[in-house]
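This report looks at the hollow spaces in one protein model and at one of its helices. Please have the sequence and the 3D view at hand while reading.

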Amino acid sequence: MEKKYPLPPYTLETAKEKIQLAENAWNSQDPDKVSLAYSVDSEWRNRSTFVKGREEIRTFLADKWKKEKNYKLKKEYWAHTDNRIAVRFEYEYQNEAGEWFRAYGNENWEFDENGLMTKRFASINDLPIKATQRRLV
């Protein structure tokens, strides 16, 4: 059985470690690598899009990073329980027209006993910014 460490139940230290691992993976913009953190039947809500399963997640991420250029993400710990972690995040990206945006949001994560994410609920808002306003470089 595949495992993604650290495993639940999470402590403050291991929750923060899990968050940093997720941030690093997402900043790689590698949909294959990122999708392996999710269970094969993982369920997502990303804005108004609902995604089910690792293969749909991989496709979703591949499409996302085709449209969101120069993507840079920062996640921060918000709260945790035994097998759940909540984060706040912001990321910056450039759209296909070259315009910059900063996205703000919150995510709620739930993990199985093997440390794979089974549920991800993300609420996200985009704010147009100028290139000179970028913070995540």
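In this predicted model, the largest cavity is lined by Trp26, Asn46, Lys64, Tyr71, Leu73, Lys75, Phe89, Tyr91, Glu107, Arg120 and Ile124. The volume of this largest cavity is about 50 Å³, and the count of cavities of 30 Å³ or more comes to one. Strand S3 gives the most to the lining of the largest cavity, namely three residues, while S3, S4 and S6 each supply at least two. Sorted by class, the lining of the largest cavity consists of six nonpolar residues, one polar residue and four charged residues.

The pockets come next. The largest pocket, with a volume of about 310 Å³, has a lining of 19 residues, and those nearest its centre are Lys4, Leu21, Ala22, Ala25 and Ala37. Helix H1 contributes the largest share of the lining of the largest pocket, six residues, and at least two residues each come from H1, H2, strand S5 (100-111) and strand S6 (117-129).

The second largest pocket has a volume of about 200 Å³, and the residues that line it are Asn46, Arg47, Thr49, Phe60, Asp63, Lys64, Lys67, Glu68, Tyr93 and Asn95. Here the largest share of the lining, four residues, is supplied by helix H3.

The table sets out the classes of lining residues for the two pockets.

| Space | Volume | Lining by class |
|---|---|---|
| Largest pocket | about 310 Å³ | 11 nonpolar, two polar, six charged residues |
| Second largest pocket | about 200 Å³ | two nonpolar, three polar, five charged residues |

Helix H3 also deserves a description of its own. Helix H3 covers residues 54-67, and because a rise of 1.5 Å a residue is expected, its 14 residues should span 20 Å, which agrees with the 20 Å that separate its end C-alpha atoms.

Which residues of H3 are buried? They are Arg54, Ile57, Phe60, Leu61, Ala62, Lys64 and Trp65. An α-helix has 3.6 residues a turn, so residues three or four places apart point the same way. What covers the buried residues of H3 includes two helices, H1 (12-28) and H2 (31-35), together with the strands S1 (38-46), S2 (49-52), S3 (69-80) and S4 (84-94).

Lys64 links several parts of this account, since this residue is among the buried residues of H3, is one of the residues lining the second largest pocket, and is also one of those lining the largest cavity.

Definitions and conventions:
Residues numbered from 1 in each chain as written. Predicted model: local features only at pLDDT ≥ 70, side-chain atom pairs only at ≥ 80, totals over all residues. Heavy atoms only, no water. Expected span 1.5 Å × (residues − 1). Buried < 20%, exposed > 50% of the residue type's maximum accessible area, 1.4 Å probe, protein only. Contact = heavy atoms within 4.5 Å. 1 Å grid on protein atoms, 1.4 Å probe; cavity = no way out; pocket = protein on both sides within 12 Å on 5 of 7 lines; lining within 4 Å. Points joined across faces, edges and corners; volume = space filled by probe spheres on them. Nonpolar A, V, L, I, M, F, W, Y, C, P; charged D, E, K, R; others polar.
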